Amino acid sequence: MDIAWIITIFLLGFVGSFISGLLGIGGAIINFPMLLYVPPLLGFTAFTAHEVSGISALQVLFASISGVWAYRKGNYLNKSLIIHMGAAILTGSFVGSFSSHALSEASVNIVYGVLALIAAIMMFVPKKKVDDVPLEQVTFNKLLAAILAFIVGVGSGIVGAGGGFLLVPIMLVVLRIPTRMTIATSLAVTFFSSIGATIGKVTTGQVEYLPAIILIIASLIAAPLGVKMGKRINTKILQMILAVLILFTAIKIWMDIL
């Protein structure tokens with residue numbers, strides 16, 4: 001460990017957490033591949049997929065709550081959606097994270113790749129008039145929301161992600177939630193998911209604490225900055241940034257798997 005290594009881990013966490021606040025995701029979809037591939041490219045010891053998933057779980061926990069705090073003012077947080085999806089995704093993430101230690105490195109990467117591919121496809125589905133509904137008039141299918149959140153929780157618990165990169169397209173495409181409410185509420189639901197994922201990773205010994213602490217510090221600084229910028233950007237641009245981001249991540253993961 002040296003100062004260059006610390007700076008590298010901090011910058012990776014900063015980028016992931018900034019995008020977390022900007023797009024309403026926990027940041028694992030960015031940090032997972034960066035932590036997996038960047039350190040060895042720079043000559044540092046590589047993390048294993050299990051270590052990356054454990055570190056990412058802790059980072060997502062703090063990035064999501066930091067982002068939610070930045071969104072606390074205004075009408076963007078849908079409390080009913082947070083309750084229904086939050087409880088379901090928390091349960092699912094417990095199941096996924098506790099079972100993940102029994103999976104091989106390749107299996108963890110495959111689960112991550114499948115989730116990213118599904119999310120990418122959903123983000124390119126047309127989302128007509130999703131932002132035309134006033135925030136105070138938003139409604140959704142509560143049972144469907146809970147079922148989908150549980151499924152996301154299981155998969156995200158396995159890879160140490162909060163599941164925000166799947167929650168956002170589900171909220172936009174399936175539940176028809178307006179973009180800015182989706183981004184804010186997704187961060188809150190992701191927080192619940194990351195609780196289960198973090199507990200599972202910690203209790204099964206999959207966390208490297210020093211890099212996790214560095215990422216947490218970066219998260220507390222960067223996520224609110226991302227939220228601040230996200231409030232100023234057109235919703236269509238935010239949707240396209242997330243779609244392209246998820247697509248490239250999915251392509252990279254599958255190139256390595258295959």
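What follows is a chat between a reader and the author about how the labels on this predicted model were reached.

Reader: What makes a residue count towards a feature in this predicted model?

Author: Local features need pLDDT of at least 70, side-chain atom pairs count only at pLDDT 80 or more, and totals for chains, interfaces and linings use all residues. Residues are numbered from 1 along each chain as its sequence is written, and side-chain values use heavy atoms, with hydrogens and water left out.

Reader: How do you know what the mean pLDDT of the chain is, and which elements have the lowest and highest values?

Author: pLDDT is the predictor's confidence in each residue, from 0 to 100. The chain has a mean of 84, and 98% of its residues reach 70 or more. Among its elements, helix α5 (residues 105-123) has the lowest mean, 78, and helix α9 (residues 209-230) the highest, 90. Where pLDDT is low, predicted coordinates should not be read in detail.

Reader: Why is α8 said to agree with its expected span?

Author: Helices here are DSSP runs of H or I with at least four residues, numbered from the N terminus (strands are E runs of at least two). The expected span is 1.5 Å times one less than the number of residues. For the 25 residues of α8 that gives 36 Å, and the end C-alpha atoms are 36 Å apart, so the two agree. Just after α8, Gly205 takes a positive phi of about 70°.

Reader: And what is the reach of helix α2?

Author: Helix α2 (residues 28-41) has 14 residues and reaches 19 Å from its first C-alpha to its last, close to the 20 Å expected. There is a bend of about 35° at Leu35, with Pro39 following within four residues. That bend is the angle between axes fitted to the seven residues ending at a residue and the seven starting there. Gly43 follows α2 and has a positive phi, near 95°.

Reader: Why is Phe32 called buried or exposed?

Author: Buried means under 20% relative accessible area, exposed over 50%, and partly exposed in between (1.4 Å probe, protein chains only). Phe32 has 0%, so it is buried. This residue lies in helix α2, where 10 of the 14 residues are buried.

Reader: What does Phe32 touch?

Author: Contact means heavy atoms within 4.5 Å. Not counting residues up to four places away in sequence, Phe32 touches Ala49, Val52, Ser53, Ser56, Val108, Asn109, Tyr112 and Val159. Val159 is 127 residues away along the chain, yet the two C-alpha atoms are separated by 8.5 Å.

Reader: What makes Pro33 buried or exposed?

Author: Pro33 has 11% relative accessibility, so it counts as buried. Pro33 also sits in helix α2. Leaving aside neighbours within four places in sequence, its contacts are Ala28, Val38, Tyr112 and Thr249.

Reader: Why is Leu61 put in the buried or the exposed class?

Author: Leu61 comes out at 16%, so it is buried. Leu61 is found in helix α3 (residues 49-70), and it is in contact with Phe191, Ser194, Ile195 and Thr198, again leaving aside neighbours within four places in sequence.

Reader: What class does Arg176 fall in, and why?

Author: At 34%, Arg176 counts as partly exposed, because of that value. Arg176 lies in the loop between α7 and α8 (179-203). Its phi is near 60°, a positive value in a residue other than glycine. Most residues other than glycine have a negative phi.

Reader: What makes one space a cavity and another a pocket?

Author: On a 1 Å grid over the protein atoms alone, a cavity is a set of points where a 1.4 Å probe fits but cannot get out; a pocket is an open set with protein on both sides within 12 Å along at least five of seven lines, and lining residues have an atom within 4 Å of a point. Grid points are joined across faces, edges and corners, and a volume is the space filled by probe spheres set on the points.

Reader: How many cavities are there of 30 Å³ or more?

Author: One. The largest cavity has a volume of about 50 Å³, and the elements giving two or more residues to its lining are α7, α8 and α10 (235-257).

Reader: Which elements line the largest pocket?

Author: α5, α6 (142-159) and α7 (164-174) each supply at least two lining residues. The largest pocket holds about 160 Å³ of space, and its lining includes Val111, Leu148 and Ile170.
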